[in-house]
Amino acid sequence: WDVVATNPDSSTSTLAAAFTVITALWSETFDGTVNGWTITPTTGSNTWTKVTTQAHTTPYAYFAPAPATASVTNLDSPPVLIPGTATNLQFSFWHWYNLESSKDYGKLQFTLNAGTTWNDIGSAGSTFASNGYNSTVKVGNKFIPVWYGNSNGFVQSIVTLSGAGFPGATLQWRWISTSNNKTASTGWWVDTCVLSGGGGAVQQAPVISSVHTSSIESVVDA
């Protein structure tokens, strides 16, 4: 959209392409009825639960503690059908992690084939645009990128989905929380998930709810 500024003397100036309206194709704040989310502990009995201890949009968020036992627990989103005409796709979520450095960690993955293949961020046309992984841990003979340490509050991580396989596909996300059997740490909160992009709906012009008043001041050099 272009922005046209009109001065009191009726002169105008146009700022071309000042902003773009991005459509929210899907969102979840966990504050109402939550449908289609699945929780799967794959190692140990640690699990994700809806809590009110911390939230980006109050009152609820999902939380996985990090106990002093070996555990891996998955939080899977419901399947989301992406419109075939979707463009400029991005996925964002807010999270607060306080996880023992190098020992406990969190990861994000996605699937486009109902869980047959889970992809890491950085593959299949996905990249972090903001607040990606902050370190790596050694798993077997490989170092993998993860989140650990303390984010000191909620931060928004944004993933750009530029691969050709996303428009028209059915997308699911998986948050993986892992802890070791040494020292307990606080855990990981996840909240306010949004899939956004253009092309999925008709963009509507913005509505101006109030008009800003201005005045012109003359400056005269002495």
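**Exercise 1. Decide whether phenylalanine 110 and tryptophan 173 are buried or exposed, then describe how they pair.**

Solution. Phenylalanine 110 is buried, and tryptophan 173 is buried too. Buried means under 20% relative accessible area, exposed over 50%, and partly exposed in between, with a 1.4 Å probe and protein chains only. The two form a tilted aromatic pair, 5.5 Å centre to centre with 55 degrees between the planes. Rings of Phe, Tyr and Trp (its six-membered ring) pair if their centres lie within 6.5 Å; planes under 30 degrees apart count as stacked, over 60 as edge-to-face and the rest as tilted. Phenylalanine 110 sits in strand S10 and tryptophan 173 in strand S17, so the pair ties together parts that are 63 residues apart in sequence.

This is a predicted model, in which local features need pLDDT of at least 70, side-chain atom pairs count only at pLDDT 80 or more, and totals for chains, interfaces and linings use all residues. Residues are numbered from 1 along each chain as its sequence is written, and side-chain values use heavy atoms, leaving out hydrogens and water.

**Exercise 2. Find how many helices and strands the protein has.**

Solution. Count the strands: there are 18. Count the helices: there are zero. Both are DSSP runs, numbered from the N terminus: helices are H or I with at least four residues, strands E with at least two. Now take burial: 37% of the 222 residues count as buried.

**Exercise 3. Name the residues that touch the most other members of the largest nonpolar core.**

Solution. Start with the term. A nonpolar core is a set of buried Ala, Val, Leu, Ile, Met, Phe, Trp, Tyr and Cys residues joined through side-chain atoms within 4.5 Å. The largest has 37 residues, and Phe91, Leu108, Leu161, Trp173, Trp175, Cys193 and Leu195 touch the most other members. Strands giving two or more residues include S6 (61-66), S10 (105-111) and S17 (170-179). S9 gives the most, with five residues. Another core lies apart from this one; its six residues include Val51, Ala55, Ala61 and Trp189.

Next, look at cysteine 193. Beyond residues up to four places away in sequence, cysteine 193 touches Trp26, Ser27, Glu28, Phe30, Trp37, Phe91, Ser92, Phe93 and Trp175. Contact means heavy atoms within 4.5 Å. Phenylalanine 30 and tryptophan 37 are both buried.

**Exercise 4. Place asparagine 74 and state whether it is buried or exposed.**

Solution. Asparagine 74 is in strand S7 (residues 71-76). Its relative accessible area is 6%, so it is buried. Setting aside neighbours within four places in sequence, its contacts include Thr38, Trp48, Arg174 and Trp175. One of these, arginine 174, lies over the face of tryptophan 118, at 3.9 Å from the ring centre. A charge sits over a ring if NZ of Lys or CZ of Arg is within 6 Å of the ring centre and within 35 degrees of the ring normal.

**Exercise 5. Explain what stands out in the backbone at alanine 114, threonine 192 and proline 59.**

Solution. Begin with the rule. Most residues other than glycine have a negative phi, and most peptide bonds are trans. Alanine 114 has a positive phi of about 60 degrees. Alanine 114 lies in the loop between S10 and strand S11 (119-120) and is exposed, at 70% relative accessible area. Threonine 192 has a positive phi of about 50 degrees. Threonine 192 is in strand S18 and is buried, at 10%. Last, a cis peptide bond joins threonine 58 and proline 59, with omega about 10 degrees. Proline 59 is in the loop between strand S5 (49-51) and S6.
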